[in-house]
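Open the model in a viewer and keep the sequence panel visible. The stops below go from the whole chain to single strands, then to the core, the ligand and one loop.

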Amino acid sequence: MGAMSEVVRSYYDREVEREWGRLDRPYRRLELVTTLQLVSRYFPVQGHLADIGGGPGRYTVELLRRGFRVTLVDLSPRAVAFAQAKLAELGLEAEAILCADARDLAVLPPEAFDGALLMGPLYHIVDEAGRAQALAELGRRHPERVLATNVEYWAAVVKPVNDESDAFLCLVMPLRLQEE
Ligand SMILES: C[S@@+](CC[C@H](N)C(=O)[O-])C[C@H]1O[C@@H](n2cnc3c(N)ncnc32)[C@H](O)[C@@H]1O
């Protein structure tokens, strides 16, 4: 594992609880809600989804509750252990919860996925070849739909909202929803 991946992994190992609660903050609720809206609008209504870079499993939980089968993959062993414990606590069952790098998904069964979230790895892998590799690895499983975030567009929203007021958010959200 490269030095940068080690930095990313140890950050998410350390911040796993914070990461679990991240989507409960007011502006992040919008991220959660709009992501799930995109899933319900564009993804198949049922099937097996991959949550690559799924962290402690916040989206996996929501997808399982919506009746999908889900396989979560993440670089951080602590995030993976947290997701396993959280799902057990909530009485939910994923197909698999695996610790692996998005650039090498050999741990996944060869079966095709119906859809995938790739929300994390692309903005943490700093070289173009690595990002291309992550996309190619996922592509080998032929997901019908992929929801991927690169430099997360929410970065443009979060900072002004933190620093200024929520007026900016009111302005940006309708624009984004119109684009989609
Ligand atoms: C900000 S969190 C996002 C978690 C979740 N997908 C979400 O959108 O709320 C980024 C996640 O990507 C994971 N990640 C970063 N680089 C990765 C890689 N190369 N392979 C797999 N997971 C990776 C991190 O461990 C972390 O859990």
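Start with the whole chain, coloured by secondary structure: there are 9 helices and 5 strands. Keep in mind that this is a predicted model. Read from the N terminus, the order of elements is α-α-α-β-α-β-α-β-β-α-α-β-α-α. Buried residues account for 32% of the 180 residues. Of the contacts between residues at least 6 apart in sequence, 68% link residues at least 24 apart.

**Strand β4**

Select residues 115–119, which form β4. Are the two faces of β4 covered or open? Both are covered: G115, L117 and M119 are buried on one side, and A116 and L118 are buried on the other. Since 5 of the 5 residues are buried, β4 is largely enclosed by the rest of the structure.

Now add the strands that pair with β4. One of them is β1, residues 48–52, which pairs with β4 in the parallel sense over 4 bridges. To find the register, select A50, whose bridge partner in β4 is A116. Another is β5, residues 145–149, also paired with β4 in the parallel sense, over 5 bridges. Here M119 has T149 in β5 as its bridge partner.

**From β1 to β2 and β3**

Go back to β1 and add β2, residues 69–74. In β2, 5 of the 6 residues are buried, so this strand too is largely enclosed by the rest of the structure. β1 and β2 pair in the parallel sense over 5 bridges, and D51 has L72 in β2 as its bridge partner. Trace the chain from β1 through α4 to β2: this β-α-β crossover is right-handed.

Next select β3, residues 96–99, which runs parallel to β2 and is joined to it by 4 bridges. Opposite V73 is L98 in β3. The chain gets from β2 to β3 through α5, residues 77–90, and this β-α-β crossover is right-handed.

**The nonpolar core**

Which residues touch the most other members of the largest nonpolar core? They are L49, I52, V70, A116 and L117, out of 32 residues in that core. Show α1, β1, α4, β2, α5, β4 and α7 (128–139) together, as these are the elements that give two or more residues to it.

Centre the view on V70. Leaving aside neighbours within four places in sequence, V70 is in contact with L49, D51, T60, L63, L64, A94 and E95.

**The ligand**

Select the ligand and the residues around it. The shell holds 20 residues, and the closest are G53, G55, L75, A102 and G120. Three helices each supply at least two residues of this shell: α1 (3–14), α4 (58–65) and α6 (121–124). Colouring the shell by class gives 9 nonpolar, 6 polar and 5 charged residues.

**A loop residue**

Finish at R22, in the loop between α2 (16–21) and α3 (26–42). Is R22 buried, exposed or partly exposed? R22 counts as partly exposed because it has 15 C-beta neighbours inside 10 Å, whereas a buried residue needs 20 or more and an exposed one has 12 or fewer. For a distance check, draw a line from the C-alpha of R22 to the C-alpha of L32: the two residues are 10 apart in sequence and 9.8 Å apart in space.

Definitions and conventions. Residues numbered from 1 in each chain as written. Predicted model: local features only at pLDDT ≥ 70, side-chain atom pairs only at ≥ 80, totals over all residues. Pairing = 2+ DSSP bridges. Near = placed C-beta within 6 Å. Nonpolar A, V, L, I, M, F, W, Y, C, P; charged D, E, K, R; others polar. Right-handed = clockwise from strand over helix to strand, strands pointing away. Core = buried A, V, L, I, M, F, W, Y, C linked by C-beta atoms within 7 Å. Contact = placed C-beta atoms within 7 Å.
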